[in-house]
Amino acid sequence: MTNFPSESRRRFFKDLGYVSIGFTLFSSCLGEEDQIMAERVPYNDTLPGSMRRENHVNAWLQVLEDGNIRVLSGKVELGQGIRIAIRQVAAEELDMDLDKVEIHLAETGVTPNEGYTGASASIQNSAMSVRYAAATARMELLELASKKLDIKVDELLLYNGRVKVRGSNKYLTFPEILEGVQLEREITTPIQLKKKTEYRYVGKAIPRPDIEKMVQAEATYIQDLRFPDMVHARVVRPTGYESKLVQINASGLKAEVSGVLKIVVLGSFVGVIAQREYQAIKAEKHLKKHTQWTTVAPFPETENLFTRIKKIANKPETIRNEGDFETETIHTQIIKSTYTKPYLMHGSMGPACAIAMFNGEVLQVWSHSQGIYPLRDALASMLEMDLDKIHIISVPGAGCYGHSTADDAATDAALLAIEYPKRHVRVQWSRHDEQSWDPYGPAMIIDLAASLDRNGRINSWKSEVWTDSHSTRPNSDAGTILAARYLEKPFQMKSRGFLAGGHRNADPYYRIPHLMLKAHYYDGPLRVSSLRSLGSFANIFAVESFMDELAEKAGKDPLEFRLEHLDDDRGIAVIKKVMELTASLKSKDGEGIGFAFMRYKNTDAYAAVAAHVSVDKENGKVRVLKLWAAVDVGEVINLDGIINQTEGGMIQAASWTLKEQVTFNPHEVTSTDWITYPILRHSEIPEVEVAIIDRPNEPVSGAGEVPMPPTSAAIANAVYRACGTRVYDLPIRIHKK
Amino acid sequence: MPNYNLNINNIQKSVDTDTDTPLLYVLRDYLELNGPKFGCGLAQCGSCMVLINGRATTTCMLPVSSIGQSKITTLEGLTGTTGKLHAVQEAFVKEQAAQCGYCLNGMVMAAVGLLNKNPSPNELEIKKALELNLCRCGAHSRIVRAVKIAANSFK
Ligand code: FES
Ligand code: FES
């Protein structure tokens, strides 16, 4: 189905399976008037990080034989609508119709290596790389045509796949200009970019074509891929993280379950392959009953998770220290609060899936991993294979919201495919495994302390954060992929003690003379990694709840209090916007409105969120009635894409805030399905309203993670207004006496 | 292995499979239909819904042996033979009511099932009809809006 690409892949059309065509000088377009071309302005600023590895046009963009453009991006589609956004950017710079631009997402050896799709960085990196590549392509095409025609560039117009001679009927198509060769120019500044006021696609709410496919069951998810003679596999996971296989008794399996093809046992990794999917499921169930595992030391003191965390944590690292918090707070009253957030799970609607095929030499893997190149590194190191013998193709899965289980399913499929070569082996995870083996968003504690000056302004502030790692993503350390830890020669992960992301946004974005941030790392009982917005979710919940507490101490309105501490106009603007959106709202008895503000990572997008909640006087049940967001992500690429992400992010964050908590007993995780890990259902979903402040001249920032953190604090602050109870621990539980 | 004759999207299909195979696996694995999705296998999320005699039903725990000659409609069967989208499909596109879209099959099926019974539901009735259907991306408000629009287009 897919040919393994050669490494010299991008030079000629024919490598794409196209035949280059003969050169015909001067096609002609009778009676066509010259199009008025948008003005170009030179761009001299920095180029995105993704261009460090790939800085030639043909890495990002190819001209197809029919003159259409194929854009290559190393990012993957997660439901965030990256495909349409990147196409908009390319079509814009090349003055082409959108439907003449297609996109090819992440595939090793084909698309650029852009690491992981995460951290809301796809637009900054991939879409901007494509913008500069397309603009450079435009210049290169004009110059090549100029040479070919011996007509000055000024006399040429480039639009819709052609270069036309001004005031004449003559033109060359892109393939005619290129004669089978690809655009190979290095992308360097200055780059002539289209003037932003002349955009026809960028900034607009262009509908996503994939949604039209989805409603007709024509969109292909990883779970939907089928190959001739494909077989189905399941993995029998151990009873605990550290369990080892003692014995397996498969003697009765074939009598009980039909269609079983092979049982694979590699150390403590147990897999079973069957003809049909449901046969594989039954075989897994059977084997689960007939395997014995070592019991390991129980998770200690699970009831008292947070006391335990403080006990086992490392000494803190000082991340930021401005002014002199210690001296300033000797003689003043210090206000203190502690906030906690439990382990949260990704909870994708579609459990992980992968397909692999080993032909005796090359291993092909289809995966919804967020980083196919890093996954390839990890697989190569686990399997001791050369990188160029592993080929990974990204296929969209269900939304994953961070580093979830996709890479682990790909690892399972790879191991099983090697044991069962020459057939496509499909591995589908169960709901139970998806939830109990997830690398969760870690539990966190945030201790805050502050003092006010005589005018009721914040004089000093200290944040102290306890966090496990927020990134255990795959890399060349094979211990980062789950199954590798259970092989005969197990790989142990080396690099977990990593603080970054954990203290993100724990230092307030406000003007505070004496500011200190400390962070402790702890190695907790559960598997963890990146979950949408990383540490910011818990940190902003704490910081913005505390801002309301301080405002109250200072006797000030919470929003005015924030504005007093902000110098940044863009920050002020989102707060004012959300004030405006909620200005006419009146709360009834038992209801409250709360607010929160954030600048993501203190360097990226701005968001202010308002929440309107009710708290039931009888049973303390909290309902979020409506959420508003005002968001500034800089330049907008696809307006509806950002609105959609913001609406969905607020709803997901409301679910985290109101309901979610991974539970476990001393032996196992007990949040194994949607009953034991409930999330918001339709009847509980708040109304949502989003205002986007477009800043075409500011750099683009990602939007995906931005709504999460302020939503939690806005809800908590609204709950306080509604019932007078301050929320310190998530999920919110109001206990009635 | 027993043989089952099923009426799927108005076509008779013959499948040889074990009696306990849930309908979801018959549809996906044997008949290669991609509409119904696997989400939980526990009848908790709605991803796997189809219409059985016009009623939205989860299929992940429903043994094939219990189907008989019931009429099964999957997402694929909603689109008319002329390619015309069902009003609910159309409304989902119009409202861009999806992010990853994995839950969409179930949402659309539950909505069509509702409109079959009650062509002009109010918001509460819509939410109630979609209560089983989970969406992790938070596309709910667009989804409910789409169902309202579809209902209005029936009037
Ligand atoms: S897959 Fe059937 S309800 Fe979840
Ligand atoms: S759109 Fe992703 S689960 Fe609903």
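Helices (at least four residues) and strands (at least two) are DSSP runs, numbered from the N terminus. The model shown in these close-ups is predicted.

**Figure 1. A non-glycine residue with positive phi sits in a loop of chain A**. A:Asn505 lies between S22 and S23 of chain A. Its phi is positive, about 65°, although A:Asn505 is not a glycine. Most residues other than glycine have a negative phi. The two strands that flank this loop, S22 (residues 458–467) and S23 (residues 514–521) of chain A, pair with each other in the parallel sense. Eight bridges make up the pairing. One of the bridge partnerships links A:Trp466 to A:His520 in S23(A).

**Figure 2. Five strands of chain A form an open sheet with mixed pairing**. The strand order is S15-S23-S22-S21-S16. S15 (317–322) and S16 (335–341) of chain A stand at the edges. Each has a single partner strand, so one side of each is left without a neighbour in the sheet. From one strand to the next, the twist averages 10°. Strands of a sheet pair through backbone hydrogen bonds, either parallel or antiparallel.

**Figure 3. Helix H8(A) lies across three strands**. The strands are S16, S21 (444–452) and S22 of chain A. Relative to S21(A), H8(A) runs at about 80°. H8 covers residues 305–312 of chain A, and supplies at least two residues of the lining of the second largest pocket.

**Figure 4. The second largest pocket has a volume of about 1,100 Å³**. Its lining counts 43 residues. Nearest the pocket centre lie A:Gly240, A:Tyr241, A:Glu242, A:Phe299 and A:Pro525. By class, the lining has 18 nonpolar, 14 polar and 11 charged residues. Strand S14 (291–293) and helix H12 (431–436) of chain A each supply at least two lining residues. H12(A) gives the most, with three residues. Domain 2 and domain 3 of chain A each contribute at least three residues to the lining of this pocket.

**Figure 5. Chain A is divided into three domains**. Domain 1 spans 9–202. Domain 2 is made up of 224–236 + 244–294 + 346–436. Domain 3 spans 444–736. The C-alpha centres of domain 1 and domain 3 of chain A lie 39 Å apart. Between these two domains, 19 residues of domain 1 are in contact with 18 residues of domain 3.

**Figure 6. Chain B has a domain 1 and a domain 2**. Domain 1 of chain B covers 3–76, and domain 2 of chain B covers 87–154. Taken over C-alpha atoms, their centres are separated by 21 Å. The contact takes 19 residues from domain 1 of chain B and 13 residues from domain 2 of chain B.

**Figure 7. A cis peptide bond runs from A:Thr189 to A:Pro190**. Omega is near -5°. A:Pro190 lies in the loop between H4 (174–178) and S9 (191–194) of chain A. Most peptide bonds are trans.

**Figure 8. A:Leu730 and A:Pro731 are joined by a cis peptide bond**. Omega here is about -10°. A:Pro731 is placed in the segment after helix H17 of chain A. That helix covers residues 708–723.

How values were computed
Residues are numbered from 1 along each chain as its sequence is written. Chains are lettered from A and ligands numbered from 1 in the order in which they are written. This is a predicted model: local features need pLDDT of at least 70, side-chain atom pairs count only at pLDDT 80 or more; totals for chains, interfaces and linings use all residues. Side-chain values use heavy atoms; hydrogens and water are left out. On a 1 Å grid over the protein atoms alone, a cavity is a set of points where a 1.4 Å probe fits but cannot get out, and a pocket is an open set with protein on both sides within 12 Å along at least five of seven lines; lining residues have an atom within 4 Å of a point. Grid points are joined across faces, edges and corners, and a volume is the space filled by probe spheres set on the points. Ala, Val, Leu, Ile, Met, Phe, Trp, Tyr, Cys and Pro count as nonpolar, Asp, Glu, Lys and Arg as charged, and the others, Gly among them, as polar. Domain bounds come from an automatic or database domain assignment. Two strands pair if DSSP finds at least two bridges between them. Axes are lines fitted to C-alpha atoms, for helices over the stretch in contact, and angles run from 0 to 180 degrees between N-to-C directions. Contact means heavy atoms within 4.5 Å.
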